[in-house]
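Here is a short tour for anyone who likes to look at a fold with the bench in mind. Open the structure in your viewer and follow along, one part at a time.

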Amino acid sequence: MDLPADGRSRADHVYTELLKQIRSGTLKSGMRMREEDIARALDVSRTPAREGLARLQARGLIELSNGRLTVTTLDRQQVLELYALRGLLEGAAARFAAQHANPSEVTLLQRLCDRFEQETRPARMAAINREFHDRINEASHNRYLQRSLYELHDTIALLPHTTFQIGGRPSTAAAEHRAIVAAAAAHDPDLAETEGRKHIEKALEARLELSVASATES
């Protein structure tokens, strides 16, 4: 088989394609990852499939469970730890964005707020929300923070469902987005960090509420 057109190695190709499927929700928590199935689906041998899986396992996105590789399932304690770190990092991103964002970046954030508020489908809201946070991350102009948050967002993608299916959460999230952008536009780093952290605290509350509802339904 020829290498991918962009020159990536076969193992890189496997890693990238599987990461895309985790980010999109195609690969969900608990799904079994068979080396031979992946090799067949991506038209590679088992060696690059194994190497790609090993990279995802090293990042904690795939785990060995009962002797089988599966997409990682996060327990309650892991969710709490994840959101504790996310609050710190998202707050820092908002602070740096207030210090360094240029007018075009602020305008883009305002447009994403508009798109989020006009959307009615929870899955699309979740996609716009990720883009919103990615753009704040970029507006921070801190490459190390950007790298950390991109990896953190990949772990968040492991969480099932979206909190935007909870009644009232879309409207409160929209207001929180607006508050972050307003603080960034006003070049108020203290306020931006406060609003950024508050947003993640509310997101965690919604996530825990969703977990309780899902457990009750099951």
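## A glutamate under cover

E195 has a relative accessibility of 15%, so this residue counts as buried. You will find E195 in helix α9, which covers residues 189-217. Setting aside residues up to four places away in sequence, E195 touches A179 and I180. Of these two, I180 is itself listed among the buried residues of α8. Please keep in mind throughout that this is a predicted model.

## The chain as a whole

Stepping back, the chain has nine helices and two strands. Read from the N terminus, the order of elements is α-α-α-β-β-α-α-α-α-α-α. Taken along the principal axes, the C-alpha atoms fill a box of roughly 55 × 45 × 30 Å. A compact globule of 218 residues would have a radius of gyration near 17 Å, and the 19 Å of this chain agrees with that.

How much of the chain is buried? Buried residues account for 44% of the 218 residues. The accessible surface comes to about 11500 Å², and carbon and sulfur atoms contribute 50% of it. As for contacts between residues at least 6 apart in sequence, 71% of them join residues at least 24 apart.

## R86 and its neighbours

R86 is part of helix α4, residues 76-100. Is this arginine buried or exposed? With a relative accessible area of 7%, R86 is buried.

Leaving out neighbours within four places in sequence, R86 is in contact with G91, N129, H133, L152, H153, I156 and I200. Three of the names in that list, L152, H153 and I156, also appear among the buried residues of α7. R86 and I156 are 70 residues apart in sequence, while their C-alpha atoms are 9.4 Å apart in space.

## Helix α7 and what covers it

Helix α7 has 14 residues, and the distance from its first C-alpha to its last is 20 Å, close to the 20 Å expected at 1.5 Å a residue. Its buried residues are L145, Q146, L149, L152, H153, D154, T155 and I156. The cover over these buried residues includes α1 (10-24), α4 and α6 (122-139).

L149 is a good residue to click on in α7. Its relative accessibility is 0%, so L149 counts as buried. Beyond residues up to four places away in sequence, L149 touches L89, E90, A93 and N137. L149 and A93 are 56 residues apart along the chain, with 8.8 Å between their C-alpha atoms.

N137 looks back at this helix from α6. N137 is also buried, with a relative accessible area of 0%. Not counting residues up to four places away in sequence, N137 touches A93, L145, Q146, L149 and Y150. A93 is thus a contact of N137 and a contact of L149.

## Helix α8 and the residue after it

The 17 residues of α8 should span 24 Å at 1.5 Å a residue, and its end C-alpha atoms are 24 Å apart, which agrees. The buried residues here are R169, P170, A173, A174, E176, H177, I180, V181, A183 and A184. After α8 comes H187, which has a positive phi near 55°.

## Aromatic rings

How many aromatic pairs does the structure hold? There is one. The partners are F116 and F164: their ring centres are 5.2 Å apart and their planes meet at 70°, so the pair is edge-to-face. F116 sits in helix α5 (residues 103-118) and F164 in the loop between α7 (143-156) and α8 (169-185), so the pair ties together parts that are 48 residues apart in sequence.

Both rings belong to residues that are under cover. F116 has 2% relative accessibility and counts as buried. F164, at 7% relative accessibility, counts as buried too.

A further ring worth a look is that of Y15. The charged end of R55 sits over this ring, 3.9 Å from its centre.

Terms used. Residues are numbered from 1 along each chain as its sequence is written. This is a predicted model: local features need pLDDT of at least 70, side-chain atom pairs count only at pLDDT 80 or more; totals for chains, interfaces and linings use all residues. Side-chain values use heavy atoms; hydrogens and water are left out. Rings of Phe, Tyr and Trp (its six-membered ring) pair if their centres lie within 6.5 Å; planes under 30 degrees apart count as stacked, over 60 as edge-to-face and the rest as tilted. Helices (H or I, at least four residues) and strands (E, at least two) are DSSP runs, numbered from the N terminus. Buried means under 20% relative accessible area, exposed over 50%, partly exposed in between (1.4 Å probe, protein chains only). A charge sits over a ring if NZ of Lys or CZ of Arg is within 6 Å of the ring centre and within 35 degrees of the ring normal. The radius of gyration is taken over C-alpha atoms; the globule rule is 2.2 Å times the number of residues to the power 0.38. Contact means heavy atoms within 4.5 Å. Accessible areas come from the Shrake-Rupley method with a 1.4 Å probe; for residues, only the protein chains shown count as cover. The expected span of a helix is 1.5 Å times one less than its number of residues.
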